[in-house]
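Please load the model in your viewer and keep the sequence panel open beside it. The stops below can be selected one after another.

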Amino acid sequence: MNFAEIKALDEAYVLQTYGRNQVAIDHGRGATLWDTEGKAYIDFTSGIGVCSLGYANEAWAKAIYDQAMKVGHISNLFYTEPYARLASKLAPAAGMAAVFFGNSGAEANEGMIKTARKYSYDKYGQGRSAIITLRNSFHGRTITTLKATGQDHFHDFFFPFTEGFRYAEANSMESLEAQAGDDVCAVMLELIQGEGGVNPLERDYVQAVAELCAQRDWLLLVDEVQTGVGRTGTLFAYQQFGVKPDVVSFAKGIAGGLPFGGFMTNEKCRRVLGSGDHGSTFGGNPMAAAAGNVVLDTMTPAFLEQVAEKGRRLREGIAALKSPYVSGIRGMGLMIGVGVQGITHKELRDRLMEAGLLCLTAGKDTLRLLPPLVITREELDRGLEIMARVMGA
Ligand SMILES: *Cc1c(COP(=O)(O)O)cnc(C)c1O
């Protein structure tokens with residue numbers, strides 16, 4: 001099918017909930033994609049931070065195929081090797097105690113929220129269930145995670161939302177203290193607000209939040225759905241902030257393109273959710289877990305150092321453009337936000353796409369770059385050349 005045929009089917013038969021780019025992707029290799037009309041693009045999206053190993057990765061595809069030919073799914077009524085192996089590598093590498101596997105970021109955050117509320121219920125009884133999240137955050141699209149998201153425009157239409165969320169300004173302990181109270185059980189945050197505009201939190205602030213949480217026996221919940229699994233140049237971003245979460249969620253990059261996610265708890269919280277308290281039919285699916293094992297085996301210290309190095313190269317390359325459209329560059333590793341001025345971020349994204357470079361947007365005025373973590377120097381430099389043509393001084 002060509003682009004027009006696919007688009008016609010989409011319009012006729014698919015709920016129109018997405019503002020899609022006017023391109024149908026056909027296939028890819030590494031960090032390069034081709035559309036149905038045969039045009040090539042350098043990819044700085046990874047399918048929104050998912051395809052950490054790029055496209056058509058042989059080891060990844062083979063692991064999925066091999067597992068599919070053994071057993072593709074069997075449910076959590078049985079043990080299987082792939083999820084057990086993945087958990088045994090993921091938890092120690094993250095400095096956490098135990099893992100729950102689900103399928104998506106929102107679902108992972110739901111589990112994290114349930115853990116915080118039950119931890120508090122078990123210890124203090126009812127009435128201590130409020131969770132403080134940050135303004136401009138994003139935590140997902142379920143009724144609960146929409147309410148956890150600290151952006152008012154996500155709180156329309158779908159009433160009644162889950163109660164018990166309050167919002168504090170990022171990087172302000174004063175604002176956090178103003179939301180404190182006897183009813184609070186946790187603070188939940190992204191260390192780099194992704195959808196909100198690629199805004200890294202200040203390290204001192206994050207450490208002060210962690211201290212306050214420890215003092216009040218609030219759980220520190222870190223949403224690493226976007227920042228996790230190597231994206232920022234360490235396995236998890238909190239490893240660069242000098243804090244240890246009580247619970248951390250992950251999803252996007254974990255299985256390199258299969259729907260997979262989950263959360264990990266520390267030792268203190270590992271028994272909060274017991275038999276029958278939580279579950280997921282597809283969670284820990286053997287094919288997705290087999291893919292996750294390939295992703296995790298790739299994340300060696302040397303590989304993560306390369307992610308950090310490629311991120312520096314990309315940020316420096318963008319700064320060197322001296323583009324009149326760039327108001328600032330933020331981010332860590334291969335999670336980069338470029339502040340856009342003099343043109344809308346969507347217009348700039350469209351011009352870059354036209355020129356052969358796929359980028360994302362975030363917040364009100366940010367171009368968001370999440371290239372596959374395996375992107376080569378050559379592909380990075382080709383992306384920068386396209387940026388120079390479209391955005392250069
Ligand atoms: C994408 C994202 C989510 C939601 O993940 P889904 O898989 O779309 O449910 C939650 N939190 C953060 C920080 C995200 O970036």
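The tour begins at the ligand and then moves to a surface patch and several backbone features.

This is a predicted model, in which local features need pLDDT of at least 70 and side-chain atom pairs count only at pLDDT 80 or more, while totals for chains, interfaces and linings use all residues. Residues are numbered from 1 along each chain as its sequence is written, and side-chain values use heavy atoms, with hydrogens and water left out.

Select the ligand and then the residues around it, a residue being near a molecule if one of its heavy atoms lies within 4 Å of it; among them are S104, N109, H139, E190, D223 and Q226. This shell divides into three nonpolar, six polar and three charged residues, where Ala, Val, Leu, Ile, Met, Phe, Trp, Tyr, Cys and Pro count as nonpolar, Asp, Glu, Lys and Arg as charged, and the others, Gly among them, as polar. Its largest share, three residues, comes from helix α5 (residues 105-124), helices being DSSP runs of H or I of at least four residues and strands runs of E of at least two, numbered from the N terminus.

Next, display the distances to the ligand. A polar side-chain atom of K252 lies 2.6 Å from a ligand oxygen atom, a backbone N or O atom of G105 lies 2.8 Å from an oxygen atom of the ligand, and a backbone N or O atom of F138 lies 3.4 Å from a ligand nitrogen atom. Taken alone the ligand exposes 390 Å², of which the protein buries 81%; accessible areas come from the Shrake-Rupley method with a 1.4 Å probe, and for residues only the protein chains shown count as cover.

Now turn to the loop between α1 (3-13) and β1 (25-29), where V14 lies. V14 counts as partly exposed because its relative accessibility is 38%, the classes being buried under 20% relative accessible area, exposed over 50% and partly exposed in between (1.4 Å probe, protein chains only).

Then select P301 in helix α10 (residues 301-320), which is exposed, with a relative accessible area of 70%. The C-alpha atoms of P301 and A91 are separated by 16 Å, although these residues are 210 apart along the chain.

Finish with the backbone. F159 and P160 are joined by a cis peptide bond with omega of about -5°, and P160 sits in the loop between α6 (143-148) and β6 (165-168). A56, a residue other than glycine, has a positive phi near 60° and lies in the loop between α2 (46-49) and α3 (58-70).

Key:
Polar contact = N/O pair within 3.5 Å; in protein donor to acceptor, adjacent residues only side chain to side chain.
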